[in-house]
Amino acid sequence: MSNAEEKFSDQTLAKMKEAIAEYPDKASAVLPVLQLIQKEKGWVSPASQRFTAELLSISPARVKEVVTFYTMFHQQPVGKYHIQVCTNISCSLRGGEEIFAHCQKKLGLKGHKDVTPDGLFSLEHVECLAACERAPAMLLGENYKMELTIEKVDEIIDRCKKEGSH
Amino acid sequence: MEKVISALWSVPGANTLEVYKKHGGYEAAKEVLSSWTPEKLIEHVKASGLRGRGGAGFPTGMKWSFINRGSPKPKYVCINADESEPGTAKDRYILELTPHLLIEGTLICAKAIDCHHAFIYCRGEFYDQIAILKKALAEAKAAGIVGKNALGSGYDIQITVHSGFGAYICGEETGLIESLEGKKGQPRIKPPFPAVVGLYNCPTVVNNVETAAALPWIIKHAPEEYKKFGTEKSGGTKLLSISGHVNKPGTYEIPLGLPLSEFINSPNYGGGVWKGRKLKACIPGGSSVPILTAAEVEKTNIDYESCAANGTMLGSGGCIVMDETTDMVHSLRILGHFYSHESCGQCTPCRTGTNWAHRILCRIDDGEGRPEDVDELLKIANNMVGRTICPLADALAMPIKSFLTKFRSEFDKKARREKAA
């Protein structure tokens with residue numbers, strides 16, 4: 001592949017192949033392929049977007065459209081621990097906005113996928129996570145954390161700091 | 001009440017094939033795939049009164065009947081597991097606790113329209129739930145339940161789990177189809193409806209997770225048995241999440257027709273408004289349906305007809321409860337933010353309407369409002385309704401109109417920058 005500056009692990013490449021085989025039209029695999037890339041690299045760089053376009057025989061513009069439309073794609077690297085706090089209606093009725101403000105303050109972040117200087121944390125608002133009945137909720141990386149309190153959030157962040165710093 | 005969907009929720013290990021089969025799992029699918037004709041299946045489900053549980057409430061059997069099974073093109077089933085309507089947290093339970101129930105329901109949907117490749121579209125944030133579903137699917141494939149000659153029936157069926165990646169609009173069925181085709185999830189103009197031109201331009205049915213999960217029980221019983229749970233026109237049971245200011249937030253299976261006030265207050269369900277406070281308002285069916293005042297809650301039952309008679313909708317079953325201290329301006333501002341953020345951008349009344357509404361709501365809420373703002377908001381809402389390809393614009397317009405009609409004085413007060421009483 002002439003244009004592919006990005007290299008991926010054999011495992012990721014094998015999973016991409018599997019994903020493509022699931023669909024009658026390989027263009028359908030654009031989301032799964034980009035998801036696999038983000039899983040390995042932590043974000044989808046312009047080079048990996050070009051790689052995806054070549055792999056699936058679609059235009060780079062179409063890949064870019066997808067990357068910019070779906071908010072879970074990261075167009076720049078995020079922290080080792082990416083925190084997404086729900087501030088939608090059910091969470092906010094039970095303190096979700098206070099949780100978000102607390103994370104902003106504690107981490108010194110604005111909450112637009114910005115990253116702490118040590119690269120450990122990034123923060124953003126997220127829209128309803130379908131965890132309304134156990135609000136307030138957030139995603140820590142790929143894991144749901146629910147029925148949050150300020151104390152619980154402190155515990156979670158402090159544990160990440162400890163685990164992430166060595 | 002016997003549970004149709006949630007029967008195994010408290011059974012340990014119900015997400016495994018072994019336990020699921022011990023409780024009669026895959027018996028319904030085996031019978032349907034082996035010996036039922038699509039006609040028999042469609043008639044049975046029509047007679048049960050099952051309606052789509054994703055929000056629109058369209059009769060499921062009738063939806064299937066729109067598919068031309070004689071078409072030479074492949075037919076597709078898409079299961080909508082893109083659960084994202086604020087207030088709604090029910091499909092998550094099915095994915096986590098009984099993924100095989102969903103797979104079995106998917107097999108039944110497939111048979112109804114002669115489909116041999118079904119897709120389950122999950123929202124991307126459901127990392128854990130997708131892993132559970134994929135594990136269950138692998139078990140089902142290894143056991144010959146999904147694949148060639150499924151359950152020894154001679155029927156071939158492939159199921160693909162597909163993950164979205166953070167776009168509310170992909171819960172709209174044509175947005176979901178576009179997304180499955182590897183595009184931005186922008187809804188299509190209808191007609192043609194998906195039943196005629198759907199996924200890959202082929203006949204397609206999109207069914208909600210909860211709809212599919214109700215099917216195994218319905219197949220095993222006479223259709224009237226399912227209907228008996230509900231009211232004359234709203235047959236069956238429904239999963240309802242209750243969130244916000246209640247003592248026992250949670251997700252419960254209820255017989256349709258249950259009084260809304262009982263659902264909020266009964267110790268079996270919501271357990272009453274928290275902190276001994278009074279009820280101010282309730283959004284019964286997910287954030288896009290019109291809000292009810294405490295007085296209206298008393299008159300409303302949880303079924304399609306009673307909700308409609310009281311000016312709201314059952315929707316996807318996300319019941320959001322607000323106590324007497326709730327700031328309605330701020331609450332509507334949150335909804336304004338959500339819908340403006342999630343507008344896909346292709347229709348002007350939605351793209352600019354949701355954004356203008358949100359900006360006006362922000363300035364009222366922040367104490368920078370103008371007296372004319374409230375009427376301006378109503379004007380914007382009226383110009384959004386019914387003027388777009390999909391109902392996302394309506395999904396904000398309806399809350400704006402109902403909040404402003406029912407709680408107008410709060411908005412006026414804040415817009416005029418009066419100090420709160």
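**Exercise 1. Prolines in a loop of chain B**

Task: State where Pro192(B) is found, and identify which residue a cis peptide bond joins to Pro192(B).

Solution.
- Step 1. Pro192(B) is found in the loop between H8 and S4 of chain B. The model under study is a predicted one.
- Step 2. The loop runs between helix H8 (173-180) and strand S4 (204-208), and Pro191(B) has its place there too.
- Step 3. Pro191(B) and Pro192(B) are joined by a cis peptide bond, with omega at about 0°.
- Step 4. A cis peptide bond also joins Lys190(B) and Pro191(B), where omega is about -5°.
- Step 5. For context, most peptide bonds are trans.

**Exercise 2. Positive phi in chain A**

Task: For Lys113(A), give the approximate phi and the element of chain A in which the residue is found. Then decide whether Lys113(A) is buried or exposed.

Solution.
- Step 1. Lys113(A) is a residue other than glycine, yet its phi is positive, near 65°.
- Step 2. Lys113(A) lies in strand S2 of chain A, which covers residues 112-115.
- Step 3. Around Lys113(A) there are 20 other C-beta atoms within 10 Å. A residue is buried if 20 or more are found in that range, so Lys113(A) is buried.

Task: Carry out the analysis for Ala130(A): what is its phi, where is its place in chain A, and is Ala130(A) buried or exposed?

Solution.
- Step 1. Although Ala130(A) is not a glycine, it has a positive phi of about 60°.
- Step 2. Ala130(A) sits in the loop between strand S3 (121-126) and strand S4 (138-140) of chain A.
- Step 3. With 29 other C-beta atoms within 10 Å, Ala130(A) is buried.
- Step 4. As background to both cases, most residues other than glycine have a negative phi.

**Exercise 3. A helix pair in chain B**

Task: Describe how helix H2 and helix H6 of chain B are arranged: at what angle do their axes cross, what is the handedness of the crossing, and which residues make the contact?

Solution.
- Step 1. Two packed helices are described by the angle between their axes and the distance between the axes.
- Step 2. The axes of helix H2 (residues 27-35) and helix H6 (residues 99-112) of chain B come within 9 Å and cross at roughly 15°.
- Step 3. Angles under 35 degrees count as roughly parallel; H2(B) and H6(B) are therefore roughly parallel to each other.
- Step 4. The crossing of H2(B) and H6(B) is left-handed.
- Step 5. H2(B) contributes Ala28(B), Ala29(B), Val32(B) and Leu33(B) to the contact, while H6(B) contributes Glu104(B), Leu107(B), Ile108(B) and Lys111(B).
- Step 6. Sorted by class, the contact of H2(B) with H6(B) has six nonpolar, no polar and two charged residues.

**Exercise 4. Chain A and its contact with chain B**

Task: Summarise the make-up of chain A, then state how many residues each chain gives to the contact and which element gives the most on the side of chain A.

Solution.
- Step 1. Chain A holds seven helices and five strands, in the sequence order α-α-α-α-β-α-α-β-β-β-β-α.
- Step 2. The C-alpha trace of chain A spans about 50 × 35 × 25 Å along its principal axes, and 42% of the 166 residues of chain A count as buried.
- Step 3. The contact between the chains takes 35 residues from chain A and 41 residues from chain B.
- Step 4. On the side of chain A that touches chain B, at least two residues come from each of helix H2 (30-41), helix H4 (60-69), helix H5 (89-92) and strand S5 (143-145).
- Step 5. H2(A) gives the most to this side, with four residues.
- Step 6. By class, this side of chain A has 21 nonpolar, seven polar and seven charged residues.

Terms used
Residues numbered from 1 in each chain as written. Chains lettered and ligands numbered in written order. Predicted model: local features only at pLDDT ≥ 70, side-chain atom pairs only at ≥ 80, totals over all residues. Contact = placed C-beta atoms within 7 Å. Nonpolar A, V, L, I, M, F, W, Y, C, P; charged D, E, K, R; others polar. Buried ≥ 20, exposed ≤ 12 C-beta atoms within 10 Å, placed from the backbone. Axes fitted to C-alpha atoms, helices over the stretch in contact; angles between N-to-C directions. Parallel < 35°, antiparallel > 145°, perpendicular 65-115°, else oblique. Left-handed = near helix turned anticlockwise from the far one by under 90°.
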